[in-house]
Number of protein chains: 2
Amino acid sequence: MTDLGLRERKKHETRAAIARAALDLAVAHGPSAVTVDDIAAAAGVSPRTVFNHFGTKDEAILGISPERRAELLDAVRDRPAAEPPLRAIGAVFTEAMTASDDAAAFWLRRAQLVAAHPDLRVAQLASQDQLQQELVTVVAERTGLDPDAHPYPELVVSAALAAVRIALARAAHAGPARLRRAIEDALAVLADGFAPPTT
Amino acid sequence: MTDLGLRERKKHETRAAIARAALDLAVAHGPSAVTVDDIAAAAGVSPRTVFNHFGTKDEAILGISPERRAELLDAVRDRPAAEPPLRAIGAVFTEAMTASDDAAAFWLRRAQLVAAHPDLRVAQLASQDQLQQELVTVVAERTGLDPDAHPYPELVVSAALAAVRIALARAAHAGPARLRRAIEDALAVLADGFAPPTT
DNA sequence: CTGCAACGTTGCAGTCACTGCAACTTCCCG
DNA sequence: CGGGAAGTTGCAGTGACTGCAACGTTGCAG
């Protein structure tokens with residue numbers, strides 16, 4: 001895409017190599033059994049370099065790349081202005097996670113890893129929170145609301161991402177085929193004002 | 001209350017002393033400037049003992065005591081069975097946080113600390129998550145829904161606690177007088193199905 | 001009252017995540 | 001081609017957290 005020189009490209013490659021090594025090793029041996037030195041060695045890089053790209057070992061395992069995050073943000077920005085925020089965010093994530101088998105696998109693999117290793121739950125929330133704070137500014141733009149003065153932007157983003165996370169956790173058990181349906185079901189609960197479902 | 005012997009009482013006192021020291025020191029010097037040894041010394045206890053009561057330094061600073069958590073859980077359980085979960089949780093937290101000046105101060109002090117030190121944001125989410133998982137089982141009981149099969153329980157708890165957290169953050173700026181109103185406003189957004197507010 | 005078992009506290013040694021700093025190398029740009 | 005910017009690396013250090021083996025108290029049963 002936008003190739004900004006050899007330097008940038010190598011940096012991205014390094015980051016990607018670390019992230020891939022971290023996730024693979026965590027899946028293989030469990031996150032707590034993997035050291036930063038292991039990750040660095042598997043990525044062919046110095047341990048110090050891992051922390052030049054990630055603030056935390058867990059972030060190296062679960063973190064979402066800035067590119068992927070920027071794509072999601074732009075996609076939300078590009079939704080029709082008349083569309084309410086919940087619907088806009090829901091559409092973007094439903095689309096992004098079911099666009100291809102690779103995309104679905106990317107998200108489901110992380111969800112399965114977190115489900116298998118509850119120690120990662122906090123790291124998952126941290127990762128979600130990072131995306132959340134960025135999305136809040138987008139929703140603030142779209143709605144013209146000041147996030148410090150009105151709870152709406154942070155609240156709608158927080159709930160929408162929680163819905164996606166919970167749907168992913170369910171699909172991690174039930175299989176990829178259920179992913180789209182799981183996300184839509186969860187978002188429907190939000191749109192209904194949390195009316196208790198009548199089974 | 002339920003005095004289960006001298007041993008239990010001393011254990012609770014130890015835990016309380018550590019928590020108080022941790023919070024006080026964090027407020028005074030900033031969380032990152034406080035070591036576990038500092039906390040232990042201020043609490044008159046061995047550093048090792050801190051980790052017998054708390055899994056993490058941040059948990060010692062922000063953690064909610066099991067008693068307080070149990071009270072909240074029981075309060076939700078005791079709400080009328082016909083009341084929908086969102087309303088039940090909302091009522092309990094609104095009540096608990098505005099019941100007394102002490103209660104409001106307890107929650108607002110933590111919110112202010114987190115606002116002043118973003119490093120604590122993740123720890124706050126971790127603390128919330130712990131309460132969340134316990135509340136999910138309560139909502140599961142109330143609704144008769146299996147949390148693994150249906151997203152509703154986890155979703156409604158997640159959204160409700162997010163509303164409370166966001167309202168606390170706003171009240172941390174605006175002052176304790178706004179607390180009740182802030183919580184009610186945030187919960188109203190949820191009940192309205194995230195209809196975009198028309199200013 | 002007395003021993004015995006359960007439990008909380010402590011010290012110790014060790015591992016490992018994470019940081020600041022100072023080279024060193026490589027790429028970019030004038 | 002020269003100089004500055006940026007990424008990588010090694011090193012030394014701090015501090016969170018853990019397992020383990022005493023140790024002293026408390027609770028309980030005989």
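In the predicted model, DNA strand C is surrounded by 19 residues, of which A:Gly5, A:Lys57, B:Thr14, B:Ser46 and B:Thr49 are the closest. Both protein chains take part in this surface, since at least two residues each are supplied by helix 1, helix 2 (36–43) and helix 3 of chain A and by helix 1 and helix 3 of chain B. Sorted by class, the surface near DNA strand C comprises 4 nonpolar, 8 polar and 7 charged residues.

For DNA strand D, the residues that come nearest, out of 19 around the strand, are A:Thr14, A:Ser46, A:Thr49, B:Gly5 and B:Lys57. Two or more residues of this surface are given by each of helix 1 (5–29) and helix 3 (47–53) of chain A, and by each of helix 1 (5–29), helix 2 (36–43) and helix 3 (47–53) of chain B. The surface near DNA strand D is made up of 4 nonpolar, 8 polar and 7 charged residues.

Between the two protein chains, 31 residues of chain A are in contact with 31 residues of chain B. On the side of chain A that touches chain B, two or more residues are contributed by each of helix 6 (85–98), helix 8 (121–143), helix 9 (152–174) and helix 10 (179–191) of chain A, and helix 9 gives the most, with 11 residues. This side of chain A has 22 nonpolar, 3 polar and 6 charged residues. In soluble globular proteins, nonpolar side chains tend to be buried together. The largest nonpolar core in the model holds 118 residues, among which A:Ala163 and B:Ala163 touch the most other members. When neighbours within four places in sequence are left aside, B:Ala163 is in contact with A:Leu155 and also with B:Ala186, B:Leu187 and B:Leu190.

Three of these contacts of B:Ala163, namely B:Ala186, B:Leu187 and B:Leu190, are listed among the buried residues of helix 10 of chain B, together with B:Leu179, B:Ala182, B:Ile183 and B:Val189. These buried residues cover an arc of only 150 degrees around the axis, which puts them on the same side of helix 10 of chain B. Their cover includes helix 9 of chain A, as well as helix 6, helix 7 and helix 9 of chain B. The length of helix 10 of chain B agrees with expectation, because its 13 residues should span 18 Å at 1.5 Å a residue and its end C-alpha atoms are 19 Å apart.

Within helix 6 of chain B, B:Gly90 has 22 C-beta neighbours inside 10 Å and therefore counts as buried. Apart from neighbours within four places in sequence, B:Gly90 is in contact with B:Ala160 and B:Leu187. The C-alpha atoms of B:Gly90 and B:Arg79 are 11 Å apart, at a separation of 11 residues in sequence.

Helix 7 of chain B (residues 101–116) also has a length that agrees with expectation, because 16 residues at 1.5 Å a residue should span 22 Å and the end C-alpha atoms are 22 Å apart. Its buried residues are B:Trp107, B:Arg110, B:Ala111 and B:Val114, and, seen down the helix axis, they fall within an arc of 100 degrees, so they line one face of the helix. The packing partners of these buried residues are helix 4 (57–62), helix 6 (85–98), helix 8 (121–143) and helix 9 (152–174) of chain B. On the face turned away from the buried side, helix 7 of chain B carries the exposed residues B:Asp101, B:Asp102 and B:Ala105.

The segments that follow helix 10 show particular backbone features. Most residues other than glycine have a negative phi, and most peptide bonds are trans. B:Phe194, found in the segment after helix 10 (179–191) of chain B, nevertheless has a positive phi of about 60 degrees, and just after helix 10 of chain B a positive phi of about 70 degrees is taken by B:Gly193. B:Phe194 counts as buried because it has 22 C-beta neighbours inside 10 Å. In chain A, A:Phe194 is placed in the segment after helix 10 and has a positive phi of about 60 degrees although it is not a glycine; with 22 C-beta neighbours inside 10 Å, A:Phe194 counts as buried. A:Ala195, which lies in the segment after helix 10 of chain A, has 13 C-beta neighbours inside 10 Å and so counts as partly exposed. From C-alpha to C-alpha, A:Ala195 and A:Arg9 are 49 Å apart in space, with their positions 186 residues apart in sequence.

Definitions and conventions:
Residues numbered from 1 in each chain as written. Chains lettered and ligands numbered in written order. Predicted model: local features only at pLDDT ≥ 70, side-chain atom pairs only at ≥ 80, totals over all residues. Contact = placed C-beta atoms within 7 Å. Helix = DSSP H or I, 4+ residues; strand = E, 2+ residues; numbered from the N terminus. Nonpolar A, V, L, I, M, F, W, Y, C, P; charged D, E, K, R; others polar. Near = placed C-beta within 6 Å. Expected span 1.5 Å × (residues − 1). Buried ≥ 20, exposed ≤ 12 C-beta atoms within 10 Å, placed from the backbone. Arc of directions from axis to C-beta. Core = buried A, V, L, I, M, F, W, Y, C linked by C-beta atoms within 7 Å.
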